[in-house]
Amino acid sequence: MHLDRVFEALASGPRRQILAYLSEARLSTTDLAARFAMSAPAISRHLSVLETAGLGTRERAGQFVYYQLNRDSLVNTLTGYAFEVCPVAGPLKRESRALKKRGAE
């Protein structure tokens, strides 16, 4: 059942933090691994769970794979609201937003 996958994905603190970070920017596995002090394979496993649950999407651009929040998901709409009031996700969103601005310059 799809809902079971969503709850499994959201049960992990690191995955919730990754979603908060992806809520403002499209990032590669390498970018995320550096931010969360995890190996690229560990980040890839988390991203795979998020993608399987329909919470994230990926796009290949040359040799890189970029991940972003699946904004079409109702769960992500609700999660986005929760991120606004969450004391942990708020700083991650601000950091992600700043990273996105630096990349646009």
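A nonpolar core here means a set of buried Ala, Val, Leu, Ile, Met, Phe, Trp, Tyr and Cys residues joined through side-chain atoms within 4.5 Å. In this predicted model, the largest such core has 23 residues. The chain around it has six helices and three strands, and 38% of its 105 residues count as buried. Here's a quick tour, starting with the overall layout and then moving through the core, one helix, the sheet and a histidine.

**Overall layout**
- Reading from the N terminus, the elements go α-α-β-α-α-β-β-α-α.
- Take the contacts in the chain with a separation of 6 or more: 57% of them come from residues 24 or more positions apart.
- On the outside, the chain exposes about 6,300 Å², and carbon and sulfur atoms supply 55% of that area.

**The nonpolar core**
- Back to those 23 residues: the ones with the most contacts inside the core are I18, L22, L32, I43, L47, L50 and L55.
- Two or more residues each come from α1 (2–10), α2, α3, α4, β3 and α6 (89–104).
- Helix α2 is the top contributor, giving five residues to this core.
- L32 is worth clicking on: leaving out residues up to four places away in sequence, L32 touches I18, Y21, L22, L27, I43 and L47.

**Helix α3, a two-sided helix**
- L32 sits in α3, which spans residues 29–36, and is buried there along with T29, A33 and F36.
- Looking down the axis of α3, those buried residues fall within an arc of 100°, so they line one face of the helix.
- The spacing fits a general rule: an α-helix has 3.6 residues a turn, so residues three or four places apart point the same way.
- Flip to the other side of α3 and you find T30 and A34 exposed.
- The cover over the buried residues of α3 includes α2 (13–22), β1 (27–28), α4 (40–52) and β3 (64–69).
- Just after α3 comes A37, which has a positive phi, near 50°.

**The sheet**
- The three strands make an open sheet in the order β1-β3-β2, with antiparallel pairing.
- β1 and β2 (56–61) are the edge strands, each pairing on one side only.
- β1 and β3 pair over two bridges; on this side of the sheet, S28 has Y66 in β3 as its bridge partner.
- β2 and β3 pair over six bridges, and here A61 is bridged to F64 in β3.
- The β2 and β3 hairpin has two residues between the strands, and G62 takes a positive phi near 70° in this hairpin.
- Helix α2 lies across β1 and β3, running at about 95° to β3.

**A histidine to look at: H46**
- H46 is found in helix α4.
- Is H46 buried or exposed? With a relative accessible area of 15%, H46 is buried, because the cut-off for buried is under 20%.
- Its contacts, not counting residues up to four places away in sequence, are S12, P14, R15, I18 and M38.
- I18 is a handy landmark here: H46 touches I18, L32 touches I18 too, and I18 is among the residues with the most contacts inside the core.

Note on methods:
Residues numbered from 1 in each chain as written. Predicted model: local features only at pLDDT ≥ 70, side-chain atom pairs only at ≥ 80, totals over all residues. Heavy atoms only, no water. Buried < 20%, exposed > 50% of the residue type's maximum accessible area, 1.4 Å probe, protein only. Helix = DSSP H or I, 4+ residues; strand = E, 2+ residues; numbered from the N terminus. Arc of directions from axis to C-beta. Contact = heavy atoms within 4.5 Å. Areas by Shrake-Rupley, 256 points an atom, 1.4 Å probe, with all protein chains shown as cover. Pairing = 2+ DSSP bridges. Axes fitted to C-alpha atoms, helices over the stretch in contact; angles between N-to-C directions.
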